[in-house]
Amino acid sequence: MKKITSILSFILILIFFFIPYFLFGALDMYLHLKVVDLDKAGPPEFYGKYIIFTYAANKRVRSVTAVFEHEGFCIQHSYQHNEKGIFFLIYPIPPEYLQLTYRIIVDGLIMKDPANPFFEEDLLGIEYSIVTITKIMEKEVVNPEFTDTGEVRFVYNSRPGRIISLV
């Protein structure tokens with residue numbers, strides 16, 4: 001009986017620690033931990049290939065969504081909220097844009113993002129939040145990379161001045 005309990009405990013530990021890694025990947029797991037730990041709203045933050053938008057309500061809120069200009073302000077992206085009451089949206093960075101213009105919708109009220117200090121006002125006085133994509137999206141590294149000429153290329157990103165060997 002003790003042996004079966006030990007085996008079941010071991011299996012549960014494996015499932016708890018490794019299944020999320022295989023299902024979501026290491027980056028996604030860290031991203032999940034980041035948004036779970038949010039305790040205040042702030043300006044949009046870059047995280048890998050994503051932008052994290054946050055919203056903190058000072059009263060009970062049922063729904064927070066974001067709409068983006070490059071989508072014609074037509075698609076509403078729903079925020080989720082963590083146990084601390086912070087709403088967040090994990091949005092993939094569109095590679096062809098250097099700036100995103102957006103608005104948020106809180107329980108049907110359309111507004112600029114109060115956590116983002118960067119905004120514009122159009123001729124009608126409507127305010128739009130802006131996030132400039134300052135991070136250059138890096139090309140995904142394929143290792144090894146086989147070229148058309150038959151060469152094989154290996155890439156290792158590290159600090160300058162380190163000695164790297166390939167065995």
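Helices here are DSSP runs of H or I with at least four residues, numbered from the N terminus. With that in hand, hello everyone, and let's start at lysine 34, which has its place in helix α1, residues 2-36. Please keep in mind throughout that this is a predicted model.

So, what does lysine 34 touch once we leave aside its neighbours within four places in sequence? The contacts are Glu45, Tyr47 and Ile52. Take tyrosine 47: lysine 34 is 13 residues away from it in sequence, and the two C-alpha atoms are 9.6 Å apart in space. Lysine 34 itself is partly exposed, with a relative accessible area of 25%.

Let me step back to the whole chain for a moment. The protein has 1 helix and 12 strands, and from the N terminus the helix comes before the strands. There are 167 residues, and 25% of them count as buried. If you look at contacts with a separation of 6 or more, 53% of them join residues 24 or more positions apart. The protein exposes about 12800 Å², with carbon and sulfur atoms supplying 60% of that.

Now to the sheet. Four strands make an open, antiparallel sheet in the order β1-β2-β6-β5. At its edges stand β1, residues 45-47, and β5, residues 80-81; each has a single partner strand, so one side of each is left without a neighbour in the sheet. As a reminder, strands of a sheet pair through backbone hydrogen bonds.

Let's walk across from the β1 edge. β1 runs antiparallel to β2, residues 50-56, and 3 bridges join them. Glutamate 45 stands opposite isoleucine 52 of β2, and phenylalanine 46 has isoleucine 51 as its bridge partner. You will recall that Glu45 and Ile52 are both contacts of lysine 34. The hairpin of β1 and β2 has 2 residues between the strands, and in it glycine 48 takes a positive phi near 65 degrees.

One step further, β2 pairs with β6 over 7 bridges, again in the antiparallel sense. Here isoleucine 51 stands opposite tyrosine 91 in β6.

Is β2 enclosed or open to the outside? Of its 7 residues 5 are buried, so β2 is largely enclosed by the rest of the structure.

That brings us to the nonpolar cores. In soluble globular proteins, nonpolar side chains tend to be buried together. The largest core in this model has 18 residues, and Phe53, Phe68 and Tyr79 touch the most other members. Which elements give two or more residues to this core? They are β2, β3 (64-68), β6 (86-92) and β7 (99-106). The largest share, 4 residues, comes from β7.

Do have a look at phenylalanine 68 on the screen. Not counting residues up to four places away in sequence, phenylalanine 68 touches Phe53, Phe73, His77, Leu89, Tyr91, Leu100, Thr101 and Tyr102. Apart from this core lies another one, of 6 residues, with Leu31, Val35, Ile52 and Ile86 among them.

Last stop, the surface. Phe146, Val152, Phe154 and Leu166 form a nonpolar patch there, with about 460 Å² of accessible area together. Phenylalanine 146 lies in strand β11, residues 145-146. Its relative accessible area is 62%; as exposed means over 50%, phenylalanine 146 counts as exposed.

That's my tour; thanks for listening, and I'm happy to go back to any of these views.

Notes: Residues are numbered from 1 along each chain as its sequence is written. This is a predicted model: local features need pLDDT of at least 70, side-chain atom pairs count only at pLDDT 80 or more; totals for chains, interfaces and linings use all residues. Side-chain values use heavy atoms; hydrogens and water are left out. Buried means under 20% relative accessible area, exposed over 50%, partly exposed in between (1.4 Å probe, protein chains only). Contact means heavy atoms within 4.5 Å. Accessible areas come from the Shrake-Rupley method with a 1.4 Å probe; for residues, only the protein chains shown count as cover. Two strands pair if DSSP finds at least two bridges between them. A nonpolar core is a set of buried Ala, Val, Leu, Ile, Met, Phe, Trp, Tyr and Cys residues joined through side-chain atoms within 4.5 Å. Patches are made of residues with over 30% relative accessible area and no salt bridge: like charges are joined within 9 Å, nonpolar side chains (Val, Leu, Ile, Met, Phe, Trp, Tyr) within 5 Å. A salt bridge is a side-chain nitrogen of Lys or Arg within 4 Å of a carboxyl oxygen of Asp or Glu.
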